[in-house]
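User: Please take a close look at one part of this model, the pairing of charged side chains. Please also set that part against the rest of the chain, and explain each term when it comes up.

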Amino acid sequence: MADLTHSPAQSAALSAAAPFRVTTRTKASNMFGLLACGVILLLAVLPFFAGRGLIQDLFFILTMLVLAQLWNLLAGYGGLVSIGQQAFVGIGAYAMFGGVIIASIDPIAAILLGGLAAAVLAVPMGFFAFRLAGAYFAIGTWVMAEVARLLLAQVKTLGGGTGTSLPRTATRGMWATDWIKSALDVKTAAARDILTYWLALLLAVVVIAAIYALLRSRRGLALSAVRDNPEAAKSVGVDAGRIKWLVFLAASFGTGLAGALIYVQKARISPDAAFSVTDWTAYVIFIVVIGGIGTIEGPILGVLIFFALQSLLADFGSWYLFTLGLIGIAVMLLAPRGLWGFFSDRTGIQLFPVQRRLNGGTLKEE
């Protein structure tokens, strides 16, 4: 039997050796964390001195950021390239409208109903979609989204094919609007914009924090393994099907919440608008692709670029979409990992690091 005892010198060296530590944080991420807290605080108090136009613009940016982060979770980390996310936006919005019009629920409370309805819809969608792969999965999700649109267009209580609006009594009496009106001295419409803006900010922070926590957990490692090589992941005990269901349901729930919130702010809905593949899927894919798929930073950068391009080019009609397409193609050719991926590869900077590093543990022989 081998002698497992140590000499006094070896025991002293073992005691003095620094233990190994697995870390993910970097100096850049620590500095960014402090900066992000300051930015969030500034955004929270912004309605006290900003105009209504800026609040509406930031609401658009925040809600699109939520949709982009959730699609990136599906496609960038889970390998599930869906082009049917408009189904969850639409069903979430319509569930909210149904709760307000049919059940007389406050619109703010009905937002949760939108998330639950989207999660319920994800069950049959996932049942059929997970039997497909690659391009067939993407097309299958789009087809099922179209089916959902056609079905809801037949519901006369919710306006049928032409749509409907939230009752004025519901929009005027929403939770916290009276307090906002008195505290900020604004009208009802502006108070609704401010309330939905605060909710969008809260949703964006929670979604990003939840995705980051997931990616740093064991399930995050399993998700990356399933994306890179499903068969190899299964061989080491990863339940690929369970991980995919978890991500699909979570992304659906969050997308439904975002859809309901967007249409609380709009206060009017129609099937073509709520289930628009351009507004809720194509633009979202563009944001993720140009920003950087498979990174949390990418959608943040992408949504800012998208908003800037939209503001500059919106008056050019069809040339606007043509220009977006050219920019998307150029980025995919020159920077396949997106603009943030291009920047990170050359600088090593990661604001949301998820890669694990082994530090410490050096042992010197006597």
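Analyst: What follows goes through the salt bridges, then a pocket, then some single residues.

The model is predicted, so local features need pLDDT of at least 70 and side-chain atom pairs count only at pLDDT 80 or more, while totals for chains, interfaces and linings use all residues. Residues are numbered from 1 along each chain as its sequence is written, and side-chain values use heavy atoms, with hydrogens and water left out.

The chain has 17 helices and four strands. These elements are DSSP runs numbered from the N terminus: helices are H or I runs of at least four residues, and strands are E runs of at least two. Of the 366 residues in the chain, 45% count as buried. Buried means under 20% relative accessible area, exposed means over 50%, and partly exposed is in between, with a 1.4 Å probe and protein chains only.

Side chains of opposite charge can pair when their charged atoms come close. A salt bridge here is a side-chain nitrogen of Lys or Arg within 4 Å of a carboxyl oxygen of Asp or Glu. By this rule the chain has four salt bridges.

One of them joins Arg52 to Asp193, with 2.5 Å between the closest N and O atoms. Arg52 is in helix α3 (residues 52-77) and Asp193 is in helix α9 (residues 188-215), so this pair ties together parts that are 141 residues apart in sequence. The two ends are placed differently with respect to the surface: Arg52 is partly exposed at 40% relative accessibility, whereas Asp193 is buried at 3%.

Arg149 forms a salt bridge with Asp272, and here the closest N and O atoms are 3.2 Å apart. Because Arg149 lies in helix α6 (residues 135-152) and Asp272 in helix α13 (residues 271-274), the pair ties together parts that are 123 residues apart in sequence. In this pair the arginine is the buried end, Arg149 having 18% relative accessibility. Asp272 is exposed, with a relative accessible area of 53%. The pair also belongs to a network of salt bridges that links Glu146, Arg149 and Asp272.

Another salt bridge joins Arg337 and Asp345, whose closest N and O atoms are 2.6 Å apart. Arg337 is partly exposed, at 40% relative accessibility. Ser344, the residue before Asp345 in the numbering, lies in helix α17 (residues 338-347). Ser344 is buried at 12% relative accessibility. Leaving aside residues up to four places away in sequence, Ser344 touches Ile349 and Gln350.

Touching is judged by contact, which means heavy atoms within 4.5 Å. Among contacts in the chain between residues at least 6 apart in sequence, 77% join residues at least 24 apart. A separate value describes Val354 and Tyr212: they are 142 residues apart along the chain, and their C-alpha atoms are separated by 7.7 Å. Val354 sits in the loop between α17 and β4 (357-359), where it is partly exposed at 23% relative accessible area.

Next comes the pocket. Rolling a probe the size of a water molecule over the atoms shows where empty space is left. On a 1 Å grid over the protein atoms alone, a pocket is an open set of points with protein on both sides within 12 Å along at least five of seven lines, as opposed to a cavity, where a 1.4 Å probe fits but cannot get out; lining residues have an atom within 4 Å of a point. Grid points are joined across faces, edges and corners, and the volume is the space filled by probe spheres set on the points.

The largest pocket holds about 950 Å³ of space. It is lined by 31 residues, and those closest to its centre are Phe32, Ala36, Ile40, Ile300 and Phe352. Two or more lining residues come from each of α2 (27-45), α3, α9 and α15 (297-313). The largest share, ten residues, is from α2. Helices α3 and α9, which hold Arg52 and Asp193, are thus also named among the elements of the lining. By type, the lining has 25 nonpolar, three polar and three charged residues. Nonpolar covers Ala, Val, Leu, Ile, Met, Phe, Trp, Tyr, Cys and Pro; charged covers Asp, Glu, Lys and Arg; the others, Gly among them, are polar.

Two loop residues complete the picture. Ser104, in the loop between α4 (86-101) and α5 (107-129), has a positive phi near 60 degrees without being glycine. Ser104 is exposed at 62% relative accessibility. Asp185, in the loop between α8 (177-184) and α9, has a positive phi of about 55 degrees although it is not a glycine. Asp185 is exposed at 70%.
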